[in-house]
Amino acid sequence: MKKFVIVFLIIIVLIISSVSFAYFKYKENIKIKKAINEQYESYISKEITGVEVATLINKAVDSNRKNIVEMKDGIYQDNGKDSIKIDIKFKDLEKTFPMETIYSNGVEEFILNYRYIKFKSIEVDYHEATQKISYIKLEQQ
């Protein structure tokens, strides 16, 4: 009878430990996801300059590289969990360019031409599976 009680208590402790571990892991993932989104949401909630757009592009490219996001024809592909895509709509050119075009042509060149120009986000999407930012569309003001 004593062995049964001891085994029962050990099983209860193991179950409680497993549930606690899973809960804390879940909370940690939410905190990480929120921190990642805040990096981008701080830019999309206001008008930003061309310099800040360049910073945003560099962050997105760095994140895509770090997360080993696949590229096709020089464009990062949506992987459904942690890829980030940014499109910039230029009013003076009446065209929209993906961030990869600006990045490959040189962010420094973009900064020289659009340093003081204002941009504002007009569209933001999140990955359904992870709720991380997946797409930002900026428009020249």
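Helix 4 gives the most to the lining of the second largest pocket, with four residues. That is a handy place to start in this predicted model, and the briefing below walks through its two largest pockets in turn. Rolling a probe the size of a water molecule over the atoms shows where empty space is left.

**The second largest pocket**

- This pocket holds about 180 Å³ of space.
- Two elements give two or more residues each to its lining: helix 3 (99-105) and helix 4 (107-114).
- If you would like to find the pocket in the structure, look for its lining residues Phe90, Leu93, Phe97, Thr101, Ile102, Asn105, Gly106, Glu109, Phe110, Asn113 and Tyr114.
- By character, the lining of the second largest pocket splits into six nonpolar residues, four polar ones and one charged.

**The largest pocket**

- The volume of the largest pocket is about 220 Å³.
- Helix 1 (2-44) and helix 2 (50-66) each bring at least two residues to the lining of this pocket.
- Helix 2 is the top contributor to the lining of the largest pocket, supplying four residues.
- Around the largest pocket you will meet Ile36, Gln39, Tyr40, Lys59, Asp62, Ser63, Lys66, Asn67, Asp82, Ile84, Lys132 and Ile133.
- The lining of the largest pocket is made up of four nonpolar, three polar and five charged residues.

**The two linings side by side**

- Five charged residues line the largest pocket, while the second largest pocket has one charged residue in its lining.
- Nonpolar residues number four in the lining of the largest pocket and six in that of the second largest.

Conventions: Residues are numbered from 1 along each chain as its sequence is written. This is a predicted model: local features need pLDDT of at least 70, side-chain atom pairs count only at pLDDT 80 or more; totals for chains, interfaces and linings use all residues. Side-chain values use heavy atoms; hydrogens and water are left out. On a 1 Å grid over the protein atoms alone, a cavity is a set of points where a 1.4 Å probe fits but cannot get out, and a pocket is an open set with protein on both sides within 12 Å along at least five of seven lines; lining residues have an atom within 4 Å of a point. Grid points are joined across faces, edges and corners, and a volume is the space filled by probe spheres set on the points. Ala, Val, Leu, Ile, Met, Phe, Trp, Tyr, Cys and Pro count as nonpolar, Asp, Glu, Lys and Arg as charged, and the others, Gly among them, as polar.
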